[in-house]
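Got your viewer open? Load the model below and keep the selection tool handy.

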Amino acid sequence: MSEFEAYGIECLRSRHLTVQEALSRRQIDSSKIPPLERAYGIVVTLEEGLKVDRLRLRLQQQIEAIAQFLAMFHIDVLGQPTRLMPLYEVELVVAKRRKLKLSLDRGRLTLAISPQQLRSRSGEAKYLKQAWHRGELLKDYYPRSLQKLWWLFDPIGIFRFNLRSLLVLAVQKQILGIDRILLKITAPEGETEGDKSSLKARAIAFLQQNVRQDKLGYDLNLVLQKYSDRALIHILHQYKDNLRDPQQIEEILDAGSLLLQDTLTQEQSGIDIKMLGFVNVGNYHRIDVAIHCNFGYLQRYVEVIPRHTEVKARQIGFVNVYTIDDITVTPNLHQALDLHWTTAALAKTLQTFNPESQVPLSPQSNSAQ
């Protein structure tokens with residue numbers, strides 16, 4: 001390990017506490033957040049013959065900028081690995097006659113920069129984030145069709161950020177409601193049996209009001225009525241943990257992005273073009289990107305609101321030219337996706353609950369489902 005890679009580890013380690021605090025404010029369980037230095041690596045590749053002593057300070061500053069970018073990235077993805085556009089490692093390549101360039105290939109983000117650019121700090125963290133959002137990292141290894149849909153798959157882009165923010169707000173609201181119920185249902189000393197029944201009814205009513213029973217596929221009231229107060233307390237605690245599971249939150253976002261992408265490529269677009277003239281040139285583009293990933297039961301908790309496009313062209317004249325690129329879709333999450341996260345979290349809770357022992361099964365027991 002080179003001195004610069006060791007410095008990178010220290011830079012990542014020094015920022016992990018900040019990441020934990022930021023995610024804790026979002027009600028994310030810190031025990032499920034891998035440390036920065038284990039989640040990402042920083043590799044430094046220097047062209048042979050470079051005078052390291054003259055560049056040492058700038059190299060360290062650049063490594064600090066990369067660590068800062070990774071810390072921001074880790075916060076944005078709730079401390080979880082990204083499955084659709086993975087990022088595991090950042091490689092800093094310093095070589096003469098190299099233009100400032102960013103590229104992503106199989107989880108490795110490469111920042112190529114010349115010594116002159118390094119001295120001018122043109123590869124700082126601000127550039128990394130801006131270039132990432134613009135999709136510059138896709139140009140070498142990904143088709144243009146995917147670049148056009150980068151707004152949909154960018155794990156830290158505005159579309160996913162807004163979806164993630166809504167889910168986090170929903171989680172916070174649910175946890176607040178669960179905590180209020182648990183405070184009452186776990187303090188039964190002076191209560192009568194009627195009071196206890198009232199508390200149980202309140203818990204069931206809360207769950208019924210906050211999930212889509214048509215997505216569950218069964219009568220939630222009938223299922224919950226058969227449990228004792230003790231079992232219901234376990235269910236509420238497990239439901240609370242599942243709501244805060246950052247891995248599941250990221251997976252339902254992935255499922256939503258993929259299903260929306262499928263809808264965009266399969267939607268019914270009415271095309272009616274008539275041209276009369278001496279020269280007629282037409283150009284209509286549909287962007288199709290085939291990305292498939294299995295997210296199991298989560299797909300049933302995502303609803304895509306389809307867009308309908310109608311294209312009509314009427315042209316009469318000596319020279320007629322038209323071009324249509326059917327790829328522009330406003331990423332308005334309220335008009336695109338409906339994520340039933342609370343329903344998915346409760347479904348998982350009930351699937352992993354053992355009625356006989358009346359205690360939740362370990363999360364590992366559901367890994368094969």
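What follows is a walk from the strands to the core, then on to a helix and two loops. Bear in mind that this is a predicted model.

**Stop 1: the strands.** Start by selecting residues 89-94, which make up strand E2. Five of the six residues here are buried, leaving E2 mostly covered. Now add strand E1, residues 41-46. E1 and E2 run parallel and are paired over six bridges. To see one of these up close, pick Leu46 and look across to Val94, its bridge partner in E2.

Next, bring in strand E4, residues 108-113. E4 is also parallel to E2, and six bridges join the two. For a residue pair to click on, try Glu89, which sits opposite Arg108 in E4.

**Stop 2: the crossover.** Keep E1 and E2 on screen and show helix H3, residues 52-76. Which hand does the β-α-β unit made by E1, H3 and E2 have? Turn the view and trace the path: the unit is left-handed.

**Stop 3: the core.** Time to show side chains. In soluble globular proteins, nonpolar side chains tend to be buried together. Here the largest nonpolar core counts 86 residues. Good ones to select are Leu70, Leu87, Leu109, Trp132, Leu224 and Trp341, the residues with the most contacts inside this core. Which helix gives the most to it? That would be H3, with ten residues, so leave that helix displayed.

**Stop 4: a helix to run a ruler along.** Select helix H12, residues 229-243. From first C-alpha to last, its 15 residues reach 21 Å, close to the 21 Å expected at 1.5 Å a residue. Colour its buried residues and you'll pick up nonpolar ones such as Leu232, Ile233 and Leu236, but the buried list also includes Gln238, Lys240 and Asn242.

**Stop 5: two loops with positive phi.** Jump to Gln27, in the loop between helix H1 (3-24) and helix H2 (36-39). Gln27 isn't a glycine, yet its phi is positive, at about 65 degrees. Is Gln27 buried, partly exposed or exposed? Its relative accessible area is 29%, so Gln27 counts as partly exposed.

Finish at Arg106, in the loop between strand E3 (101-105) and E4. Arg106 is another non-glycine with a positive phi, about 50 degrees this time. Switch on the surface: Arg106 counts as exposed because its relative accessibility is 71%, where the cut-off for exposed is over 50%.

Note on methods: Residues numbered from 1 in each chain as written. Predicted model: local features only at pLDDT ≥ 70, side-chain atom pairs only at ≥ 80, totals over all residues. Heavy atoms only, no water. Buried < 20%, exposed > 50% of the residue type's maximum accessible area, 1.4 Å probe, protein only. Helix = DSSP H or I, 4+ residues; strand = E, 2+ residues; numbered from the N terminus. Pairing = 2+ DSSP bridges. Right-handed = clockwise from strand over helix to strand, strands pointing away. Expected span 1.5 Å × (residues − 1). Core = buried A, V, L, I, M, F, W, Y, C linked by side-chain atoms within 4.5 Å.
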